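Visitor: I am new to this structure and should like to understand the terms used to describe it. Please guide me through them.

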Amino acid sequence: MNSINNIWHSYKSIISFSLMGFILLFVGFNQSWTLVLGIINLSLISAIMALGVNIQWGYAGLFNVGIMGFAALGGVSVVLISQQPVVEAVDAGGLKMFFALLTGAATILLGVLLNRRNVNKWIVGVVVILGYLITRNLFTEASSLIEDINPGLEGYMGGFGLPVGLSWIVGGLAAAGAAWWIGKITLSLRSDYLAIATLGISEIIIYVVKNEDWFVRGVKNVAGLPRPVPYEIAMQNSEWLRGIVTWFNRADLELLSQSDRLAQLTELMKPASVVFVKLCYSSIFLAILIALIVLSNLALNSPWGRKVRAIRDNEVAASAMGKNIKRQHLQIFVIGSAIVGIAGALLVTYDGIFIPTGYQPLRFTFLIWVMVIVGGSGNNLGSVLGAFIIWFMWIQSGPIGLWVVEMIGSNMQEGSSSLEFIEDRVHYLRLVFMGSIMLVIMRFSPGGILPEKNKEL
Amino acid sequence: MSDSIDILNALALMTNFVILPALSYGSQLALGALAVTLVYSVLRFSNFAQADSMSFGTMIVILLSSYLISKGWIISGVPTALLVIPVAVIGMFAYLIAIDKLVYKHYRKIKAKSITIVMASIGVMFVTGGIVRFILTAKAQKFADGERFIFSVREFKAFTGMQQGIALKTSQFLTITIAILLVAFIFYFLQKTKTGKAMRAYSDNKELALLSGINPDKMVQITWLLVAVLTTIAGTLYGLDKGFAPQQYHLLLLPIFASVIVGGIGSPVGAIAGAFLVSFSEVLLTYAYKKFLMYLLPLSMHPNSLVQLIGTEYKYAISFVILVIVLLIKPTGLFKGKVIVDE
């Protein structure tokens, strides 16, 4: 009986994934392949993000409401690693800024040390405030020096000019660092303090990124980030892609005259180059996703993973066996956040532009959570499936909503006030729709579409 | 500006730009924080939907009052928003009860972990926020009408002959008065009435309370009723003071949580103290002291810069820093709150 059940479960995931594949193929044939590849790429990135969250929630029951902030740290590191340094700005204020940050760090360190030595709290307070004032003074001077250098185009120090692939790792490390700090403070306390603290830190990261122009240009965005894949323009002239396109369209092309054929081919090369570039991205993202899933499954079947599961299934018993639960939770929280950071870096690399205002809690934190819950909390494949389903719905619910409005609109007069009322607001309904999906799944099928196997409830 | 030291004008400046704004902001936070603390003590979860519920309540108020204004049914001098609050509270209560029936009740029944309910409340937060944005769009709007000031800066200056004036905005006056009355009522209710005592008993020891014949469903309903009153009034007062914008309301969540945790989660007195701590820190740290110091210091010592400790854009970070410091030093909060463990 149990084995039948298991077989059914394994088929269930295959069936769900192939169904999703068919839907994507259907859209590809009916709408466009660029659109489908766009959906697939962003789904893959979301899947990596969801995987990180799933590790935290499914392995340790840690509730991270700051996904947006960790993703933004990944994005920041893409700018800092891959952009070319702005030499004049570094010359003008680089050293001063470094010194200001050093003073700030020293102040914090001094405060912590004095506090540990049980020095009078008031003295510690005065020292910290004095240090803060000095830091702020130095900092304002340095940042205005940097921001004055060519503010229309630069106005920041740029990055290190290193290969963009390195920034993915650095993004993961940055997110891991932030997670370690937050986790250290809150993990020994009640479970919802972690949620509140992550909510706060993610908003603050976004505020810093938006307001500190010297850092990553603030709301002025950083465009033209280097890419790990060739540019479309370059691909349009490549011989072998031309060969492939000719082969695919040979039936159509043979009917045309020599000059028409060349013109037609040039026309066909444009979408083909876009598709090719997107495919390159897809393969990178897919490789990273598979690597992460394989690694996490290996880890879960190792002695370390057995400890994780033991703690998850029965915290009291595991703690009686001498397992350090707090340290375990901290490890998992850091690992999960690092994966979110990597995904955040991949996202900015894919966009080719860093837009701080694009970081909305709805798009990041909330949507990723819906993916994890719908896909099946605790199950890695589940969160991948959830990412595909929810991202597809998210993209397609825009056009569908508009279509519904138009259907209603065709029965109303042109420019009627109630039609305008709905058209203005229809995209906010996505919020209600996604929230309801999450609540319904949590209520009626807490395991999601692909529930985790042998989970004790 | 005089070159002598002028304490009176400095105090007037401080009152106008720091004390009054901080008092009214603190009162608004306190009402929201009380609602969170109530939900936490009786229903045992941190309600992430609180800030968005406040914008929902304000939305009802805005809809009702704009209807009244369009009909011309107003009392001159009084903000119409105040007149419709009782009706809006009923609407808010109906919404909260509906959410409770549809969402939270199930988790109480299966005795889910509190973190699961927290997650559900985040779902509720986004649904509520979505409804508000669908109905009123995400744009900022003002809905205050009636007299803007109890007394304005010009009137104050003419009356006292001072350089610096103090203005008392109607919204500030209303906020502080209503908050005091409401808090007094809540405390009276919790301490003196039979239902209030039952509620405290239920929150202290659920099993014992059930044995003494306290009806749990009734406790839950009364909690949501109190939350509806607090939420609607807090939201309306905040909106009268600073205008209504869904995103701004959404961001109130962190200051509210910071207030609750600083004071000690589950402790009503703590929630109020925490709210004022947060509001005063926010206003004091982001205020530019240049003018204030110019009144107090001799001419030779006048500052050149704004003398602002933290840029206004980081006021959100202040509540977070307070939160972190409290979690590091005294996780139970200033007024020892209760620590609820999963059953």
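**Helices, burial and contacts in two chains**

Guide: In this predicted model, the axes of helix α3 (residues 67-82) of chain A and α7(A) approach within 7 Å and cross at roughly 35 degrees. On the α3(A) side the contact is formed by Met68(A), Gly69(A), Ala72(A), Leu73(A) and Val76(A), and on the α7(A) side by Ile201(A), Ser202(A), Ile205(A), Ile206(A) and Val209(A).

Visitor: What makes up the contact of α3(A) with α7(A), by class of residue?

Guide: The contact of α3(A) with α7(A) has eight nonpolar and two polar residues, and no charged ones. Gly counts as polar here.

Visitor: Where is Ser191(A) found, and why is Ser191(A) called partly exposed?

Guide: Ser191(A) lies in helix α7 (residues 191-211) of chain A. A residue is buried if 20 or more other C-beta atoms lie within 10 Å of its own, and exposed if 12 or fewer do. Ser191(A) has 19 other C-beta atoms within 10 Å, and is therefore partly exposed.

Visitor: Which residues does Ser191(A) touch, leaving aside those up to four places away in sequence?

Guide: Ser191(A) touches Phe63(A), Ser114(B) and Ile115(B). Phe63(A) is 128 residues from Ser191(A) along the chain, and their C-alpha atoms are separated by 7.7 Å. The cut-off of 7 Å for a contact applies to C-beta atoms placed from the backbone.

Visitor: How many residues does each chain bring to the contact of chain B with chain A?

Guide: Chain B contributes 31 residues and chain A contributes 34 residues. Four helices of chain B, α3 (80-109), α4 (114-136), α11 (253-263) and α14 (315-329), each supply at least two residues of the side that touches chain A. The most comes from α4(B), with 14 residues. By class, that side of chain B has 22 nonpolar, seven polar and two charged residues.

Visitor: Why is α11(B) called oblique to α12(B)?

Guide: The axes of α11(B) and helix α12 (residues 268-286) of chain B come within 7 Å and cross at roughly 125 degrees. Angles over 145 degrees count as roughly antiparallel and those of 65 to 115 as roughly perpendicular; the angle here belongs to neither class, so α11(B) is oblique to α12(B). The crossing of these two helices, α11(B) and α12(B), is right-handed.

Visitor: Which residues of α11(B) and α12(B) meet?

Guide: From α11(B), the residues are Pro255(B), Ala258(B), Ser259(B), Val260(B), Val262(B) and Gly263(B). They meet Gly270(B), Ala271(B), Ala273(B), Gly274(B), Ala275(B), Leu277(B) and Val278(B) of α12(B). The residues of this contact divide into nine nonpolar, four polar and no charged.

Visitor: How do you know that the radius of gyration of chain B agrees with that of a compact globule?

Guide: A compact globule of 343 residues would have a radius of gyration near 20 Å; chain B has 22 Å, which agrees. The C-alpha atoms of chain B fill a box of roughly 70 × 55 × 40 Å along the principal axes.

Visitor: What do the secondary structure and burial of each chain come to?

Guide: Chain B has 14 helices and two strands, and buried residues make up 46% of its 343 residues. Chain A has 19 helices and zero strands, and 38% of its 457 residues count as buried. The C-alpha atoms of chain A fill a box of roughly 90 × 70 × 55 Å along the principal axes.

Notes:
Residues numbered from 1 in each chain as written. Chains lettered and ligands numbered in written order. Predicted model: local features only at pLDDT ≥ 70, side-chain atom pairs only at ≥ 80, totals over all residues. Rg over C-alpha atoms; globule rule 2.2 N^0.38 Å. Axes fitted to C-alpha atoms, helices over the stretch in contact; angles between N-to-C directions. Parallel < 35°, antiparallel > 145°, perpendicular 65-115°, else oblique. Left-handed = near helix turned anticlockwise from the far one by under 90°.
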